[in-house]
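Thanks, everyone; I would like to spend a few minutes on how one helix sits in its surroundings. Please have a look at the model first.

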Amino acid sequence: MLTSGAALAALPAELSGSNLMPTPVDVKIATANKENKGTVVVFLSAKCPCSDSHITELKSLFEKYKDFKFVGIHSNVDEDLEFSKKYFVAQALPFPVLQDEKATLADTFKAFKTPHAYVLSPEGEIVFQGGITNSANGKDAKVHYLADALEDIQQGHKIKTASVRTLGCVILREKNTW
């Protein structure tokens with residue numbers, strides 16, 4: 001399992017929570033899923049301009065990499081639930097966005113900023129973690145780390161860059177521990 005800095009807690013068998021997208025209301029996604037080439041987990045924010053600037057790329061990756069399951073996670077305790085739900089619905093994301101009560105999933109993954117992406121292998125191990133691109137503004141990106149990782153997996157190659165720095169807004173928790 002890939003780790004960066006502090007050791008990760010064991011990933012739960014499934015990611016579950018209230019879906020901020022229109023339907024279904026509650027979602028459960030297995031972290032180990034042999035039906036797909038992997039699962040893409042992205043921590044997102046309804047207020048962070050860095051997160052917002054990567055929405056178009058995430059939609060494009062979802063369309064291009066149909067062999068992967070995608071899920072967004074919203075963990076920021078300072079973002080009003082109704083505001084966040086309206087934001088994600090307006091973005092028309094094609095995948096569920098789970099509300100992470102008390103940032104428990106953010107803590108488990110050690111997600112620090114938004115957007116922070118993880119790719120889980122079919123066995124449920126983290127094989128990539130970090131920023132979606134090399135820029136806080138997705139439109140200015142020169143390197144597309146998440147896309148490169150997905151392409152490596154799709155082609156059956158070892159991921160060339162498995163861990164990269166995350167640029168964006170800090171995920172605010174009830175009690176920040178850093």
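The buried residues of H5 pack against E3, H2, E4, E7 and strand E8 (126-130), where contact means heavy atoms within 4.5 Å, and where helices (H or I, at least four residues) and strands (E, at least two) are DSSP runs numbered from the N terminus. Those buried residues are Leu146, Ala147, Ala149, Leu150, Asp152 and Ile153, buried being under 20% relative accessible area with a 1.4 Å probe and protein chains only.

I should say early that this is a predicted model, in which local features need pLDDT of at least 70 and side-chain atom pairs count only at pLDDT 80 or more, while totals for chains, interfaces and linings use all residues. Residues are numbered from 1 along each chain as its sequence is written, and side-chain values use heavy atoms, with hydrogens and water left out.

The largest nonpolar core, meaning buried Ala, Val, Leu, Ile, Met, Phe, Trp, Tyr and Cys residues joined through side-chain atoms within 4.5 Å, has 29 residues, and Leu146 and Leu150 are among those with the most contacts inside it. H5 gives the most to this core, with five residues. Leucine 146, leaving aside residues up to four places away in sequence, touches partners including Val40, Leu58, Val119 and Phe128. A second, separate core of 18 residues includes Val41, Ile73, Leu98 and Phe109.

As for confidence, the chain averages a pLDDT (the predictor's confidence in each residue, from 0 to 100) of 89, with the highest mean in H2, at 98, and the lowest in strand E2 (residues 26-30), at 78.

Terms used:
Buried means under 20% relative accessible area, exposed over 50%, partly exposed in between (1.4 Å probe, protein chains only).
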